[in-house]
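Here are a few short exercises on cysteines, each with a worked solution. Grab your viewer and try each task before reading on.

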Amino acid sequence: KGLLSSDLVMADLVKVTGIANAIFIAGSCALLADGSVWCWGDNSRGQRGDGSTSTSENLVPTRVLHVTNATFLSSASGNSCAVLMEGEVKCWGSDNDNGQHGDGSSTSYNLAPDTVFNITSAIKVAQSWGHTCALLFDRSMWCWGVNWDGRLGNSFESSQSNTPVRVSGVNNVTDIAVGSSHTCALTHEASVWCWGTNSWGALGDGSTNSSRIPSRVNITAAKSIAAAGDRTCAVLMDSTV
């Protein structure tokens, strides 16, 4: 609200209890150097991944079950996923009614992490409230969950997929980004491709037409991408955004 950095004081900051050696955070979860994941906060729909819906210990982090040797962590709208060193992906949390956890089911939520079907070499995962995507070691991209407006990127018209489907037409992917209703990929050639809902121009192709298959963004020489809500950004090689 217009405060300068000099107006901020350390009293505004609160140290998370019991968390040490954290190397990455996503939402209200932390990935520690030992590969464990710890979450805190609302747990009414299993967001903490500790096998319960207990709210009695929300004030301190609890360890997520069945997640060891994690290397990457993603969280959005009460859903969380972790990539394990072995290349598997495990997901847990508040929404799975559209297959967001990728385990083949559509139960309303999972109290403890479930293993995503047929993903064995993931290096990164990204998600929104409705769908999740993984980047694999072979630089292919796979997505699961809600498929409204084709946000899974494989051209089929089903409203959802409870298991991962491969994104069509994009290879050599180096980074991925997931918005609320669209998805993007950065390739080794420094091009960016997006698909899904485009009502507000999130696909960056000069139109407002949604696309069920990847559409190339009107930029070149990108080195990183990010997506949130119905917008997308890229950092270019010349450091412009």
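Let's start with one residue: Cys 194 counts as buried, at 1% relative accessibility (buried means under 20% relative accessible area, exposed over 50%, partly exposed in between, with a 1.4 Å probe and protein chains only). Before going further, note that this is a predicted model, where local features need pLDDT of at least 70, side-chain atom pairs count only at pLDDT 80 or more, and totals for chains, interfaces and linings use all residues. Residues are numbered from 1 along each chain as its sequence is written, and side-chain values use heavy atoms, with hydrogens and water left out.

**Exercise 1.** Find the bonding partner of Cys 194 and describe the link.

*Solution.* Step one: look for a disulfide, that is, a pair of cysteine sulfur atoms within 2.5 Å. Cys 184 fits the bill, with its sulfur 2.1 Å from that of Cys 194. Step two: check the handedness, which is right-handed with 110° about the S-S bond. Step three: place the ends. Cys 184 sits in strand E14 (residues 182–187) and Cys 194 in strand E15 (residues 192–196), ten residues apart. (Helices, H or I with at least four residues, and strands, E with at least two, are DSSP runs numbered from the N terminus.) Step four: Cys 184 is buried too, at 0% relative accessible area.

**Exercise 2.** Work out what the disulfide of Cys 29 and Cys 39 ties together.

*Solution.* The S to S distance for Cys 29 and Cys 39 is 2.0 Å. Cys 29 belongs to strand E2 (residues 29–32) and Cys 39 to strand E3 (residues 37–39), so the bond ties together parts ten residues apart in sequence. For burial, Cys 29 comes out at 2% relative accessibility, which is buried, and Cys 39 is buried at 1%.

**Exercise 3.** Do the geometry for Cys 81 and Cys 91.

*Solution.* Their disulfide has an S to S distance of 2.1 Å. About the S-S bond you get 110°, a right-handed link. Cys 81 is buried at 1% relative accessibility, and Cys 91 is buried at 0%.

**Exercise 4.** How many disulfides are there, and why is Cys 233 not bonded to Cys 184?

*Solution.* Count first: the structure holds four disulfides. With the bonded cysteines numbered in sequence order, the pairing reads 1-2, 3-4, 5-6, 7-8. Now Cys 233: the closest cysteine sulfur, in Cys 184, is 10 Å from its own, too far for a bond. As for accessibility, Cys 233 is partly exposed at 42%.
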